[in-house]
Each structure stands twice: as structure tokens, then as C-alpha cells.
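Trainee: I would like a close look at one part of this model. Please take me through a single helix and its surroundings.

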Amino acid sequence: AETFFGIADITGAYVAGIILCNLRDAEYIAGKMDISSYMLFGPVFFASIGLKTNIETFNMSLLWFSLGFVAVAMVAKVIGCGLMAKACRFNLRDSLKIGSGMMTRGEVALITSQKGLSVGLLDPVYFTSVIMLIIISSVTVPIILKVLYAKDKEVNHV
């Protein structure tokens, strides 16, 4: 996709998926791809990311930077997505749930940061901060959402 069309490889993969889902044998292909992704592609991808994570240079200064980076990234998602939800006429409580649900970072953040690392836009020292963001957001968001939805149940039962 990058070489022939000048678009990001992740976008090319998405377009390929759209094309494949419109084929007559789409369910068969999806079933085979699920097995391949769980058994081969996923583990290799995450192992390659782990190999690029350098914790040897991790120190207190980088820890403080990483914690600030995580806090700003998560709060920015709540504010940005929550404000858009509010602009779309969701109530404040639902806007907070939408913003909170959008805090999680995952594979796309890994792919983007890995791409930045490979072309020299991201210093390897800060790659660890991105990994921390992904881990912390992936763990905390379900907890936050559980609390927000539990409060709704309390309000509805009263």
C-alpha cells in the first residue's frame, strides 16, 4: 500500500479487508484469518514490539514523564470525545462514558509509534512511555466504565 499507492500500510490492510469481506467466500477467509492472526500474526507482532521496548534507560525522570504523558493522553481523550458527544446532544453522564470508553489505546497506537520509531521520529527512550500508556489505559478503562455504569444502576434503582 505504501509503495504502490502512497498510503499507510495499516490503511492498505484495512482496504484489503474491505475488499475481502465483499467476496463470496468472505466467511471462509475470515475464519482462516482469525486462526492465523491468533496463532501467528498477533504473537509475532507483539513480540516484535516487545523487542523494541528498551527499559535499560528507564529512570525516575522518564517515569515522571511517562506518568504525565499517560495522564494527559487519557484526560485529552475524555475531554475531546466527551465534548464531541455533548455536541451531538448526549447528556453529560453519557458524554463522560463515551469519553472514558475512548481512552483505551491499543494496536493502532502500537503500530503508529512503531512506525515513528522505525523512521526516526520517535526517540526509543519515549517508546516505553507509549507502551505504558497502552498498558495503563487498557487496564484502567474497563474499571472506570464499570464504575460509571454501576452508578447508573444505583440511580435507576433508587
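Mentor: What follows is a walk through helix 5, its partner helix and the loop between them, with two other sites at the end. Keep in mind that this is a predicted model.

Start inside the helix. Helix 5 covers residues 92–101. Lysine 97 and aspartate 94 both sit there, three residues apart, about one turn of the helix. Side chains of opposite charge can pair when their charged atoms come close. Here the closest N and O atoms of lysine 97 and aspartate 94 are 3.3 Å apart. The cut-off is 4 Å, so the pair qualifies as a salt bridge. The count for the model comes to one salt bridge.

Now look at how each partner is covered. Lysine 97 has 8% relative accessibility and counts as buried, because the limit is under 20%. Aspartate 94 is at 28%, so it counts as partly exposed. The bridge therefore joins a buried lysine 97 to a partly exposed aspartate 94.

Next, the packing partner. Two packed helices are described by the angle between their axes and the distance between the axes. Helix 4 spans residues 60–87. The axes of helix 4 and helix 5 come within 7 Å. They cross at roughly 135 degrees. Roughly antiparallel would need an angle over 145 degrees, so helix 4 and helix 5 are oblique to each other. The crossing is right-handed.

Which residues make the contact? On the helix 4 side they are Lys77, Val78, Cys81, Gly82, Ala85 and Lys86. Helix 5 answers with Leu92, Ser95, Leu96, Ile98, Gly99 and Ser100. By type, the residues of this contact divide into six nonpolar, four polar and two charged.

Then the connection. Arginine 89 lies in the loop between helix 4 and helix 5. Its phi is positive, about 75 degrees, although arginine 89 is not a glycine. At 77% relative accessibility, arginine 89 counts as exposed. Set that against lysine 97 in helix 5, which counts as buried at 8%.

Two other sites complete the tour. Phenylalanine 46 belongs to helix 3, residues 26–52. At 43% relative accessibility, phenylalanine 46 counts as partly exposed. Leaving aside residues up to four places away in sequence, phenylalanine 46 touches Glu107 and Leu110. Glutamate 107 is 61 residues away along the chain, with the two C-alpha atoms separated by 9.2 Å.

Alanine 16 is in helix 2, residues 9–21. At 32% relative accessibility, alanine 16 also counts as partly exposed. Its C-alpha atom is separated from that of alanine 1 by 9.5 Å, with their positions 15 residues apart along the chain.

Conventions:
Residues numbered from 1 in each chain as written. Predicted model: local features only at pLDDT ≥ 70, side-chain atom pairs only at ≥ 80, totals over all residues. Heavy atoms only, no water. Salt bridge = Lys/Arg side-chain N within 4 Å of Asp/Glu carboxyl O. Helix = DSSP H or I, 4+ residues; strand = E, 2+ residues; numbered from the N terminus. Buried < 20%, exposed > 50% of the residue type's maximum accessible area, 1.4 Å probe, protein only. Axes fitted to C-alpha atoms, helices over the stretch in contact; angles between N-to-C directions. Parallel < 35°, antiparallel > 145°, perpendicular 65-115°, else oblique. Left-handed = near helix turned anticlockwise from the far one by under 90°. Contact = heavy atoms within 4.5 Å. Nonpolar A, V, L, I, M, F, W, Y, C, P; charged D, E, K, R; others polar.
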